[in-house]
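Student: I have a model open on my screen and would like to learn how to read it. Could you take me through it feature by feature?

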Amino acid sequence: MNAMRMTMLTIASIMVLGIWLTGFDKVHWVLYLPPIFLVFAGVTGICPSLIFWSKLGFKNETLSCDLPGAKTK
């Protein structure tokens, strides 16, 4: 489990918490899709959104935000 996967799972859990606090019966079904995809990407490491945008011609670049004081290889 790396930091990116944990970030996806954290975002998904915050979204589900918001849906829960609003009420599961009052929220539109479309709001359930992002947490489902984020949990899928966090658990499997396969990101459907990244695959989709890559096939449309966008570059898959590494993240440019480095942690301060991180060791480089």
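Student: Let's start with Phe-52: is Phe-52 buried or exposed, or partly exposed?

Tutor: The general idea is a scale of relative accessible area: buried means under 20%, exposed means over 50%, and partly exposed lies in between, using a 1.4 Å probe and protein chains only. Phe-52 has 46% relative accessibility, so Phe-52 counts as partly exposed. Before we go on, remember that this is a predicted model, where local features need pLDDT of at least 70, side-chain atom pairs count only at pLDDT 80 or more, and totals for chains, interfaces and linings use all residues. Residues are numbered from 1 along each chain as its sequence is written, and side-chain values use heavy atoms, with hydrogens and water left out.

Student: Which aromatic pair does Phe-52 form?

Tutor: Rings of Phe, Tyr and Trp (for Trp, the six-membered ring) pair if their centres lie within 6.5 Å; planes under 30 degrees apart are stacked, over 60 edge-to-face, and the rest tilted. The structure holds two aromatic pairs. In one of them, Phe-52 meets Trp-53 edge-to-face, with 5.0 Å centre to centre and 75 degrees between the planes. Trp-53 is partly exposed, at a relative accessible area of 42%. Trp-53 also forms an edge-to-face pair with Phe-58, at 5.6 Å centre to centre and 80 degrees between the planes. With a relative accessible area of 52%, Phe-58 is exposed. Together, Phe-52, Trp-53 and Phe-58 form one aromatic cluster.

Student: How many helices and strands are there in the protein chain?

Tutor: Helices (H or I, at least four residues) and strands (E, at least two) are DSSP runs, numbered from the N terminus. Here the protein chain has three helices and zero strands, giving the pattern α-α-α along the sequence. Of the 73 residues in the chain, 12% are buried.

Student: How do I describe two helices that pack together?

Tutor: Two packed helices are described by the angle and the distance between their axes. The axes are lines fitted to C-alpha atoms, for helices over the stretch in contact, and the angles run from 0 to 180 degrees between N-to-C directions. For helix 1 (residues 3-22) and helix 2 (residues 33-44), the axes come within 8 Å and cross at roughly 155 degrees. That makes helix 1 roughly antiparallel to helix 2; the scale is under 35 degrees for roughly parallel, over 145 for roughly antiparallel, 65 to 115 for roughly perpendicular, and oblique for the rest.

Student: Which residues of helix 1 and helix 2 meet?

Tutor: A contact means heavy atoms within 4.5 Å. On the helix 1 side, the residues that meet helix 2 include Met-8, Leu-9, Ala-12 and Met-15. Among their partners in helix 2 are Pro-35, Leu-38, Val-39 and Gly-42. Leu-33 also lies in helix 2 and is partly exposed at 34% relative accessibility. Leu-33 and Ala-12 are 21 residues apart in sequence, with their C-alpha atoms 9.9 Å apart in space.

Student: And the loops: where is Tyr-32 found, and where is Gly-45?

Tutor: Tyr-32 sits in the loop between helix 1 and helix 2. At 26% relative accessibility, Tyr-32 is partly exposed. Leaving out residues up to four places away in sequence, Tyr-32 touches Ile-19, Phe-24 and Val-27. Gly-45 belongs to the loop between helix 2 and helix 3 (48-55), and is partly exposed at 43%. With the same exclusion of residues up to four places away in sequence, Gly-45 touches Arg-5 and Phe-40. Gly-45 and Arg-5 are 40 residues apart in sequence, yet 7.0 Å apart from C-alpha to C-alpha.
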